[in-house]
Amino acid sequence: TYDPYTLFIALDGASNGSASGSHYDDNYRSLKSSYVVTNFKFDGASGKLTISTTGDADLKDYKHSIERVVILRSDGQHKVIKKPDGIFTSVNGVFDL
């Protein structure tokens, strides 16, 4: 088992802010293993986090929970969301934060 993740979102300096990033995961055992890349995109104006996943692995094999989301804003008005509902790596969806 794995410890849950904390997702840090550092918004750009635009008025509403946005951010994007990715997370790579494989089986850590071989160079020819299956893998997934989870892409995160946050829109500060709408407060929506879009998660999309690519790769050749069965997504359930690489699904890890995200226990906390920390949104960092350039104006210092940061936000911490504890135990966000339904947010994992290796999923596809749009979530309200």
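Two strands count as paired if DSSP finds at least two bridges between them. Strands themselves are DSSP runs (E, at least two residues), numbered from the N terminus.

This is a predicted model, where local features need pLDDT of at least 70. Residues are numbered from 1 along each chain as its sequence is written.

**Exercise 1.** Work out in which order the strands of the open four-stranded sheet lie, and which of them stand at the edges.

*Solution.* Start with the order: the open sheet runs E2-E3-E4-E7, with antiparallel pairing. Next, look at its ends: strands E2 (18–26) and E7 (93–96) each have a single partner strand, so one side of each is left without a neighbour in the sheet. Then add the twist: neighbouring strands of this sheet are turned by 20 degrees against each other on average, direction ignored (axes are lines fitted to C-alpha atoms, and angles run from 0 to 180 degrees between N-to-C directions). Finally, go inside the sheet: E3 (residues 35–43) and E4 (residues 48–55) pair over eight antiparallel bridges. Val37 has Thr54 in E4 as its bridge partner.

**Exercise 2.** Find the strands that pair with E5, and give the sense of each pairing.

*Solution.* Begin with E1 (residues 5–10), which pairs with E5 (residues 66–72) in the parallel sense over six bridges. Here Phe8 stands opposite Val70 in E5. Now turn to E6 (residues 79–82), which pairs with E5 in the antiparallel sense over four bridges. Val70 appears again, standing opposite Val80 in E6. Last comes the link: E5 and E6 form a hairpin with six residues between them, and Gly76 in the turn has a positive phi of about 85 degrees.

Terms used: Predicted model: local features only at pLDDT ≥ 70, side-chain atom pairs only at ≥ 80, totals over all residues. Heavy atoms only, no water.
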